[in-house]
Amino acid sequence: MLRLLQPVRSIHLAPILRLGAPLNATEIRKTLKFEFSKDNQRRVKALLAWYPQAEWKGALLPLLDIAQRQQGWLSISAVQAVAETIKIDPMEAFEAAQFYTMFFMKPRGKYVVSVCTSTPCKLRGGDEIFEACKKTLNLEHGQTTPDMQFTLKEDYCMGACVNAPVLAVNDDMYEDLDEKSLSKILADLRNDKLPPAGPRNGRFASEPKGGLTTLKIPPPPPGFMMQKLPDPKKKKCQ
């Protein structure tokens, strides 16, 4: 047992301890087992081709993302596999994985519901949206339903302030929310039906809700207002 744990720093065992798993050699070996799939090996190879080998460290976050998409979360061995691939100290990979909120160091739900409560969303009802999610899913921030269907997160700024309030479900953004549209989204997800992403108030994107106020006519053609160049075929007067 001690021989098994010796190369593993204490921080590496934190995800296992948080899960409440029994600390025995068999369970730890299972948790430490990870290999990139053949498809993901090709993705990793293509990604690293963009970097000089001395700068492979720059691919750390994309590789962690690939590993998480394959496994659903980042186990100890998944992070170690990424570190070995780009030839960095495993602790550097763990520091990144535990710093960024998009990475999960323990199993998460099938649908990660991230609600924005930064200032613009807060002013537009983001807190109420988050409270409605907590009530509907019976979860607090960072918790996962027993059936592993949902994980709930409170996040800060998703870059869609003009469409506040917003939430994300995995990679999809849902904007201009109210409690009625939120209820419909969560009901669809319970039935494993992913609703189409985008605004929920009739807007196509982030244009004014009452219609366009500018850019109402087609844009001028290329070269508009530019000085005409002389015709090279015409000879200049001597």
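Which backbone oxygen lies 3.1 Å from a polar atom of the side chain of glutamine 149? This tour of a predicted model begins with the whole chain and then turns to that residue.

**The whole chain.** Display the protein chain as a cartoon: its secondary structure comprises 10 helices and 5 strands. Colour by burial next; of the 238 residues in the chain, 38% are buried. Contacts between residues at least 6 apart in sequence may then be drawn, and 62% of these join residues at least 24 apart. With the surface switched on, the chain exposes about 15700 Å², of which carbon and sulfur atoms supply 56%.

**Glutamine 149.** Select glutamine 149, in the loop between helix H9 (126–137) and strand E2 (150–155). Glutamine 149 counts as buried because its relative accessibility is 13%, under the 20% cut-off. Now add leucine 189, whose backbone oxygen is the one asked about at the outset, 3.1 Å from a polar atom of the glutamine 149 side chain. To complete the surroundings, show the residues in contact with glutamine 149 beyond four places in sequence: Gly109, Lys110 and Tyr111, together with Leu189, Arg190 and Asp192.

**The cavity.** Finally, turn to the enclosed space. The whole structure holds 1 cavity of 30 Å³ or more, and the largest cavity contains about 30 Å³ of space. Select its lining: Cys116, Ser118, Pro120, Cys121, Met158, Gly159, Ala160, Cys161 and Val166. Coloured by residue class, the lining of the largest cavity shows 7 nonpolar residues, 2 polar ones and no charged ones.

Key. Residues are numbered from 1 along each chain as its sequence is written. This is a predicted model: local features need pLDDT of at least 70, side-chain atom pairs count only at pLDDT 80 or more; totals for chains, interfaces and linings use all residues. Side-chain values use heavy atoms; hydrogens and water are left out. Helices (H or I, at least four residues) and strands (E, at least two) are DSSP runs, numbered from the N terminus. Buried means under 20% relative accessible area, exposed over 50%, partly exposed in between (1.4 Å probe, protein chains only). A polar contact is a pair of N or O atoms within 3.5 Å; within protein, one must be able to donate a hydrogen and the other to accept it, and residues adjacent in sequence count only if both atoms are side-chain atoms. Contact means heavy atoms within 4.5 Å. Accessible areas come from the Shrake-Rupley method with a 1.4 Å probe; for residues, only the protein chains shown count as cover. On a 1 Å grid over the protein atoms alone, a cavity is a set of points where a 1.4 Å probe fits but cannot get out, and a pocket is an open set with protein on both sides within 12 Å along at least five of seven lines; lining residues have an atom within 4 Å of a point. Grid points are joined across faces, edges and corners, and a volume is the space filled by probe spheres set on the points. Ala, Val, Leu, Ile, Met, Phe, Trp, Tyr, Cys and Pro count as nonpolar, Asp, Glu, Lys and Arg as charged, and the others, Gly among them, as polar.
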